[in-house]
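The following exercises are to be worked with the sequence and the model open side by side. Each one sets a task and then gives a solution in steps.

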Amino acid sequence: MSEFFQQIINGLSLGSIYALIALGYTMVYGILKLINFAHGEVFMLGAYSGYFLASALGVERYSASGQSFPLGLALVVLLGAMALSALLGVTIEALAYRPVRSAPRLTPLITAIGASLFLQNAAVLLFTPNPRPYPPILREVRFTLGGVIVTNIKLAIFVVAIVLMIGLHQFVQRTWTGRAMRAVSMNMDAARLMGIDVNATIRATFAIGSALAAAGGILFGLDQITINPLMGVLTGLKAFVAAVLGGIGNIPGAVVGGLLIGLAEQLTAGYLSPDYRDAITFLILVVILVLKPEGLLGVVRQEKV
Amino acid sequence: MSEAVSAGTRAADLEVSGLQVLYGGIAAVKGVSFTVGRGEIVALIGANGAGKTSVLKAVIGLVPAAKGTVRLFGREANAIPTHRRTALGATLVPEGRAIFAGMSVRENLELGAFLKRDAATLGARFERVLRLFPRLGERLDQAGGTLSGGEQQMLAIGRALMGEPKLLLLDEPSLGLAPKLVAQIFASVVEIAKTGITILLVEQNTRLALETAHRAHVLVTGKIVLSGPCAELRSDPRIKAAYLGETL
Ligand SMILES: Nc1ncnc2c1ncn2[C@@H]1O[C@H](COP(=O)(O)OP(=O)(O)OP(=O)(O)O)[C@@H](O)[C@H]1O
Ligand SMILES: [Mg+2]
């Protein structure tokens, strides 16, 4: 039984990382009906931003002297990487998507793949293809809870993800920018008629989604020990499946989808075989596309006027 | 039929001159000129496909003017994007209402105040809209998409009023409504005009439009073929001809 709970704990923490990334896919899709294929690379570059920020703040000195990195500095790393990635997301939107926004649907899809490949290769060039050990922004502390091993890192992943998701929910429901985002996703022209600056709203969407992906990248680095320039490919794809599973365009759906994919992956690895941990995600994708293409929480969309 | 005539006497909130709208090279609006003076109700009438919606969209900037100019409140607006034309004080209540279906009536109304969100006056505006359309007050928490057609029209107009526009562009507010509701909507248009808001009213209900507006223009296949004070047009036999799509 404790084995089962162990898998659940691991699944939820992995799943909350997927959820953070899935939010970016779903928010952008909700507004532009665009699958932002470069989002996995934003996640990867977020992890690298955290890596370099932590180095700049002297994380090695702390660990060499046996001290743990101060929590305040860890927060600076997190927020700094989120800010840098927000900037990156906005730049990708301006360069790769805005110029082709009124082109046929296939065009932005191709520029999205192009942006993704460009960023992957730029990262290989800049950072070398070799995996890097992630700096100990949080020093691991293990404790057992009724036979289940919990680390402070898994706990932190869960807490950070939940705080960010609640923050996003409040933002989208309560602020005027959040309302503008929902209005633009429902009816872009009607939003313009309300005086909403659609371009600024799209920028805000990319900024927020990218910041969340960066947080996911740092948490992923902490959880998986190493990062590499291609880490965004598979993880990005899984997070995308999570968004589809929850109902793409639906914010709570992305969270539910992310957690479910994380759980499915861990349970498969634990009880079936670790070889199937990636395959299960795509099995889920096929099943959901056949049985409920609009996703678990999605609604069948009416065509806009 | 020159329309610059009335512009001299009153400050014009809207001046359209030589407007052309193209869709993929095909002209839907072919050189339309008219003005709407401050406080006036001007009707734009014409059959299906005459180009009425296209004129309104060009006025608010949802489609570009291929030729000609749109001046709002004395300012050339061709290069101004839609959301900033709204900020200048012009608001379109579009054909089909464009309610935010997944949002409640209350949220829809609040979004109308996106640019005028100061809490001090927001409540008063809200009350004013609910007084104009009491039906909305009974349905504040209902999703906009589940309202009846008439209620959606009230919501669309109410939402526009939340932004305190100076110029209200209405695209077929009576479309698809039962006669009783049509009368109610037209009555509210008159009420709104009494508060000093300038109105450009696009309608196919020629009789009611001519009873409600001060002046009217008749649009046939992208051109204004007839203009004048409504009192005169009401008895003009050419109105009927235009409405049936015959050439004048
Ligand atoms: N997006 C578009 N693409 C191509 N053609 C268009 C487009 N929008 C309108 N048109 C064409 O332009 C012409 C004028 O259309 P418009 O909608 O302005 O007419 P309308 O007077 O508002 O008609 P209705 O009374 O039916 O609403 C029509 O022939 C229409 O088919
Ligand atoms: Mg029309």
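## Exercise 1: the four-stranded sheet

In this predicted model, chain B has an open sheet of four strands in the order β2-β1-β4-β5, with antiparallel pairing. Which strands are its edge strands, and how many bridges join β1(B) to β2(B)?

**Solution.**

Step 1. The edge strands are β2 (26-37) and β5 (75-76) of chain B, since each of them pairs on one side only.

Step 2. Between β1(B) and β2(B), which run antiparallel, there are nine bridges. Within this pairing, B:Leu14 has B:Val36 in β2(B) as its bridge partner. The hairpin that these two strands form has two residues between the strands, and in it B:Gly24 takes a positive phi near 55°.

Step 3. Turn next to strand β1 (residues 12-23) and strand β4 (residues 67-72) of chain B, which also run antiparallel and are joined by five bridges. Here the bridge partner of B:Leu14 in β4(B) is B:Leu72, while B:Val16 has B:Val70 as its partner in β4(B).

Step 4. The helix α1(B) packs on this sheet, where it touches β1, β2 and β4 of chain B, and its direction makes about 115° with that of β1(B).

## Exercise 2: the six-stranded sheet

Chain B also has an open sheet of six strands with mixed pairing, in the order β6-β7-β8-β3-β9-β10. Why is one side of β6 and of β10 of chain B left without a neighbour in the sheet?

**Solution.**

Step 1. β6 (90-93) and β10 of chain B stand at the edges and each has a single partner strand, so one side of each is left without a neighbour in the sheet. From one strand to the next, the twist averages 15°.

Step 2. At the β6 end, β6(B) and strand β7 (residues 167-171) of chain B run parallel and are joined by four bridges; in this pairing B:Ala90 stands opposite B:Leu167 in β7(B).

Step 3. Two helices can now be placed on the sheet. α1(B) touches β3 (41-45), β6, β7, β8 (198-203) and β9 of chain B, and its direction makes about 150° with that of β7(B). Helix α6 (residues 149-161) of chain B touches β6 and β7 of chain B, with a direction that makes about 170° with that of β6(B).

Step 4. At the β10 end, strand β9 (residues 215-220) and strand β10 (residues 223-229) of chain B pair in the antiparallel sense over six bridges, and B:His217 has B:Ser227 in β10(B) as its bridge partner. Two residues lie between the strands of this hairpin, in which B:Thr221 takes a positive phi near 35°.

## Exercise 3: the shell around ligand 1

Describe the residues around ligand 1 by class, and find which helix gives the most to the shell.

**Solution.**

Step 1. Of the 13 residues around ligand 1, those that come nearest are B:Gly49, B:Lys52, B:Thr53, B:Ser54 and B:Glu95. By class, the shell has four nonpolar, six polar and three charged residues.

Step 2. Helix α1 (residues 52-60) of chain B gives the most to this shell, with three residues.

Step 3. Oxygen atoms of ligand 1 lie 2.8 Å from a polar backbone atom of B:Gly49, 2.9 Å from a polar side-chain atom of B:Glu172 and 2.9 Å from a polar side-chain atom of B:Gln204. Taken alone, ligand 1 exposes 630 Å², of which the protein buries 57%.

Notes: Residues are numbered from 1 along each chain as its sequence is written. Chains are lettered from A and ligands numbered from 1 in the order in which they are written. This is a predicted model: local features need pLDDT of at least 70, side-chain atom pairs count only at pLDDT 80 or more; totals for chains, interfaces and linings use all residues. Side-chain values use heavy atoms; hydrogens and water are left out. A residue is near a molecule or strand if one of its heavy atoms lies within 4 Å of it. A polar contact is a pair of N or O atoms within 3.5 Å; within protein, one must be able to donate a hydrogen and the other to accept it, and residues adjacent in sequence count only if both atoms are side-chain atoms. Accessible areas come from the Shrake-Rupley method with a 1.4 Å probe; for residues, only the protein chains shown count as cover. Ala, Val, Leu, Ile, Met, Phe, Trp, Tyr, Cys and Pro count as nonpolar, Asp, Glu, Lys and Arg as charged, and the others, Gly among them, as polar. Two strands pair if DSSP finds at least two bridges between them. Contact means heavy atoms within 4.5 Å. Axes are lines fitted to C-alpha atoms, for helices over the stretch in contact, and angles run from 0 to 180 degrees between N-to-C directions.
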